[in-house]
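How are the helices of this protein arranged, and which residues hold their contacts? The paragraphs below take the reader through the fold, then through its helix pairs, and then through a few single positions.

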Amino acid sequence: MMPAAPSQTSGSDLVRARQRVEPCSSAQMPVTLSSVRVAEMAKALGHPARVKIVRMLAQDGPQLAGDITAALGLAQSTVSAHLRVLRTAGAVISRREGSRTRYRVSNEALCALAWAIAELASAPS
């Protein structure tokens, strides 16, 4: 058996993250995603900055675009492009508040992706 790869996330970080994010339960099993939707969602989460955005929204709750930009330390145009990719894929949901936009994680979409990946992982080999 090969040793586990070193993790950058400690066990206590995982416990805190699980406490902040509503878990996907079998009672909430989402509609099955098509292969195209699974690929779109996975691609949207395929950039470290976008993963950081989703984690930040999952852990800290809805955020204004400007607050996301400040937290990441990236250019506003770069963050806007990442948010557009996440929104198009359905990973985040936006709501206009006057001239500003607030973003939140789409728990439903991320749970659907988690279920789709679990199905792949449990498929007979």
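What follows is an account of the overall layout, the helix packing and some individual residues.

The model shown is a predicted one. It contains six helices and three strands, and along the sequence these elements come in the pattern α-α-α-β-α-α-β-β-α. Of the 125 residues in the protein, 26% are buried. Among contacts with a separation of 6 or more, 59% join residues that are 24 or more positions apart in the sequence.

The packing of three helices, H3, H4 and H5, can be followed pair by pair. Helix H3, which covers residues 48-60, packs with helix H4, residues 65-72, at an angle of about 120 degrees, and the axes of the two are 11 Å apart. Angles of 65 to 115 degrees count as roughly perpendicular, and H3 and H4 are therefore classed as oblique to each other. H3 passes H4 in a right-handed crossing. On the H3 side the contact is made by Ala49, Lys52, Ile53, Met56 and Leu57, and on the H4 side by Asp67, Ile68, Ala71 and Leu72. Sorted by class, this contact of H3 with H4 has seven nonpolar residues, no polar ones and two charged ones.

H3 also meets helix H5, which runs over residues 76-89; the axes of this pair come within 10 Å and cross at roughly 70 degrees. H3 and H5 are therefore roughly perpendicular to each other. Here Ala49, Arg50, Ile53 and Val54 of H3 make the contact with His82, Leu83, Val85 and Leu86 of H5. By class, the residues in the contact of H3 with H5 are six nonpolar, one polar and one charged. Ala49 and Ile53 take part in the contact with H4, and both also appear in the contact with H5.

What angle do H4 and H5 make when they pack? The angle is about 115 degrees, and the axes of H4 and H5 are 9 Å apart. That makes H4 roughly perpendicular to H5. The crossing of H4 and H5 is right-handed. In this pair, Ala65, Ile68, Thr69 and Leu72 of H4 meet Gln76, Val79 and Leu83 of H5, and the residues of the contact divide into five nonpolar, two polar and no charged. Ile68 and Leu72 of H4 thus appear here, as they do in the contact with H3, while Leu83 of H5 is found in the contact with H4 and in the contact with H3.

Two alanines of H4 differ in how accessible they are. Ala71 is located in H4, and at 53% relative accessibility Ala71 counts as exposed, because the class begins over 50%. Ala71 is nevertheless among the H4 residues in the contact with H3, and the C-alpha atoms of Ala71 and Ile53, 18 residues apart in sequence, are 9.2 Å apart in space. Ala65 also lies in H4, where its relative accessibility of 24% makes Ala65 partly exposed. Apart from neighbours within four places in sequence, Ala65 is in contact with Leu83, Thr101 and Tyr103. The separation of Ala65 and Tyr103 is 38 residues in sequence and 6.9 Å in space, C-alpha to C-alpha.

Gln63 belongs to strand S1, residues 63-64, and is buried, with a relative accessible area of 15%. Not counting residues up to four places away in sequence, Gln63 touches Met56, Leu57, Ile68, Thr101, Arg102 and Tyr103. Among these, Met56, Leu57 and Ile68 also take part in the contact of H3 with H4. The C-alpha atoms of Gln63 and Val105 are separated by 9.7 Å, although the two residues are 42 residues apart along the chain.

Further along the chain, Ser106 lies in the loop between strand S3, residues 100-105, and H6. At 6% relative accessibility, Ser106 counts as buried. Leaving aside neighbours within four places in sequence, Ser106 is in contact with Gly90, Ala91, Val92 and Ile93.

The last helix to consider is H6, whose 16 residues, 107-122, should span 22 Å at 1.5 Å a residue; the end C-alpha atoms of H6 are 22 Å apart, which agrees. Within H6, Ala109, Cys111, Ala112, Leu113 and Ala116 are buried, and the buried residues of H6 pack against helix H2, residues 35-44.

Terms used:
Residues numbered from 1 in each chain as written. Predicted model: local features only at pLDDT ≥ 70, side-chain atom pairs only at ≥ 80, totals over all residues. Heavy atoms only, no water. Helix = DSSP H or I, 4+ residues; strand = E, 2+ residues; numbered from the N terminus. Expected span 1.5 Å × (residues − 1). Buried < 20%, exposed > 50% of the residue type's maximum accessible area, 1.4 Å probe, protein only. Contact = heavy atoms within 4.5 Å. Axes fitted to C-alpha atoms, helices over the stretch in contact; angles between N-to-C directions. Parallel < 35°, antiparallel > 145°, perpendicular 65-115°, else oblique. Left-handed = near helix turned anticlockwise from the far one by under 90°. Nonpolar A, V, L, I, M, F, W, Y, C, P; charged D, E, K, R; others polar.
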